Amino acid sequence: MLTETCKFKLEPTEEQRKVLEGLFSAYRSMVEECLKSAMSMNITSRKRLHESIYGELRRRFRDYPSHYIYTAVTVALGMYKSYRRLSRKRSYVKPPSIELLKAVLLDDTHLFWFNWGSLKIATHKGHLTIPFRLHEHAEKFRGWQVKGSRLVRDGDEYYLHVTFKKVVEEKECEGLLGIDVNEKSVDLAIIKPDKIKFVKIDISEAKYIRDRYFKKRQSIQRRTRGEVRARLLAKYSRRERWRVDAILHKASKVIAEIAAEEKVKPVMENLKNIRERIKYRRRMNRRLHSMPFRKIQFSISYKSIERGYKPEYIDARNTSRMCPICGELNKPNGHIYKCRRCGFQADRHIVAAWNIAAKLPMCRPLPLAAKATEALKAEVERIVIKC
Ligand SMILES: [Zn+2]
């Protein structure tokens with residue numbers, strides 16, 4: 001299933017604006033009450049919080065549809081739980097504040113009805129139909145289902161954030177696609193009964209951008225202070241993110257297209273294991289944390305699911321050390337992987353991608369596992385795509 005959120009700017013009349021203002025302030029009080037109860041009695045169960053507060057809120061806000069109370073409970077619990085989680089980690093955490101609440105959570109079956117071009121919403125003054133302008137980006141969601149929504153106030157403007165969902169039918173796979181994400185490349189191993197193919201997607205540009213902006217940030221930190229520093233840092237971070245994202249987006253699109261064209265199931269490593277794979281030095285630490293592994297995995301996953309190929313995740317232990325031909329564990333040295341037992345040699349990232357694919361238990365045996373021969377190795381195709 002795919003889900004995506006889209007934003008629409010509402011165009012309420014003056015009268016509707018007043019109703020929305022009333023709704024926002026009432027909703028704030030509801031969440032505030034729920035939050036107070038949750039905190040004073042240390043409640044994290046939705047059922048218990050609901051039981052303790054519903055009657056009172058129902059009396060106080062009798063003109064409002066009761067489902068606002070349900071979603072206020074949800075919002076308050078979310079705030080309280082994240083506060084509890086944070087205060088376990090740090091010594092001082094500011095208690096959740098209702099001032100930060102800028103949205104009303106809507107429940108999709110009772111509180112709003114989304115139409116293309118207008119929103120019908122249940123309020124204390126009956127149902128309102130508020131128009132909004134449709135933009136080009138929204139066209140892709142026609143035919144999707146509306147899953148949930150949030151009414152957001154930003155200054156004097158009101159926005160509707162709608163989450164759309166679409167169920168995508170999974171397609172039959174003819175093989176596997178091992179995906180190894182690295183700093184400078186994403187390496188793919190396409191493994192099918194009749195062939196094996198390697199593709200290196202060069203994303204080194206993303207690394208150079210990151211390095212360049214890291215230096216730029218350092219120099220800003222040395223030379224400026226206060227507000228100027230904050231403004232410059234924010235500006236360059238935005239620019240960096242935007243440029244890196246464009247490359248990752250392009251790379252993940254190429255990967256999803258390969259998955260669809262070859263009809264193979266993407267296999268990626270569980271990110272928890274990534275630290276084991278990359279050596280842990282202090283300098284490495286920064287590089288590791290600035291690497292958008294999660295982002296690129298998410299993007300690959302989304303784009304593959306869109307095309308009917310849902311990825312699987314495996315535990316990446318030993319994927320960079322194991323020989324895909326004989327199973328011997330070797331320590332990779334430099335860019336080339338060399339097996340001391342069977343003599344197999346290849347680019348270390350290709351070996352990792354191959355092992356990642358091979359880790360997934362498939363319905364039929366993998367073609368190359370033990371019987372890979374010199375002849376087969378010669379047939380291996382290598383492609384490099386620059387992003
Ligand atoms: Zn070997």
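How many of the 387 residues in the protein chain, as a percentage, are buried? In this predicted model, buried residues make up 30% of the chain. The chain is built from 10 helices and 15 strands, and among its contacts between residues at least 6 apart in sequence, 67% join residues that are at least 24 apart.

**The helices α1, α2 and α3**

Helix α1 covers residues 14-41 and helix α2 covers residues 46-60, and their axes come within 10 Å of each other, crossing at roughly 140°. Angles over 145 degrees would count as roughly antiparallel, and α1 and α2 are therefore oblique to each other. The crossing in which α1 passes α2 is right-handed. On the α1 side the contact is made by M30, E33, C34, S37, A38 and M41, while α2 contributes L49, S52, I53 and L57. Sorted by class, the contact of α1 with α2 contains seven nonpolar, two polar and one charged residues. As a general point, an α-helix has 3.6 residues a turn, so residues three or four places apart point the same way.

Helix α2 also meets helix α3, which spans residues 67-89, and here the two axes come within 10 Å and cross at roughly 130°. With that angle, α2 and α3 are therefore oblique to each other, and α2 passes α3 in a right-handed crossing. The residues that meet are R46, L49, H50, Y54, L57 and R58 in α2 and I69, V73 and L77 in α3. This contact of α2 with α3 divides into six nonpolar, one polar and two charged residues.

**The nonpolar cores**

Which residues have the most contacts inside the largest nonpolar core? They are L177, I179, L188, I255 and A357, in a core of 41 residues. At least two residues of this core come from each of β8 (175-181), β9 (185-192), β10 (195-202), α5 (226-262), β11 (264-269), α8 (293-306) and α9 (348-358). One of the core residues, I179, touches V186, L188, I255, P266, V267, M268, I300, A353 and I356, when residues up to four places away in sequence are not counted. A second, separate core has 40 residues, including L10, A72, L106 and F164.

Helix α9 is mostly covered, since 11 of its 11 residues are buried. Among these buried residues of α9 are H349, A352, W354 and N355.

**Three residues in loops**

The table places three loop residues beside their counts of C-beta neighbours.

| Residue | Loop | C-beta neighbours within 10 Å | Class |
|---|---|---|---|
| N42 | between α1 and α2 | 9 | exposed |
| K263 | between α5 and β11 | 16 | partly exposed |
| R321 | between β12 (312-314) and β13 (336-338) | 17 | partly exposed |

N42 has a positive phi of about 55° although it is not a glycine. For K263, phi is near 55°, which is again a positive value in a residue other than glycine.

Is R321 buried or partly exposed? Because a residue needs 20 or more other C-beta atoms within 10 Å to be buried, R321, with 17 such neighbours inside 10 Å, counts as partly exposed. R321 touches L329, N330, K331 and P332, again not counting residues up to four places away in sequence. R321 and A352 stand 31 residues apart in sequence, but from C-alpha to C-alpha they are 7.8 Å apart in space, and A352 is one of the buried residues of α9.

Conventions:
Residues numbered from 1 in each chain as written. Predicted model: local features only at pLDDT ≥ 70, side-chain atom pairs only at ≥ 80, totals over all residues. Helix = DSSP H or I, 4+ residues; strand = E, 2+ residues; numbered from the N terminus. Buried ≥ 20, exposed ≤ 12 C-beta atoms within 10 Å, placed from the backbone. Contact = placed C-beta atoms within 7 Å. Axes fitted to C-alpha atoms, helices over the stretch in contact; angles between N-to-C directions. Parallel < 35°, antiparallel > 145°, perpendicular 65-115°, else oblique. Left-handed = near helix turned anticlockwise from the far one by under 90°. Nonpolar A, V, L, I, M, F, W, Y, C, P; charged D, E, K, R; others polar. Core = buried A, V, L, I, M, F, W, Y, C linked by C-beta atoms within 7 Å.
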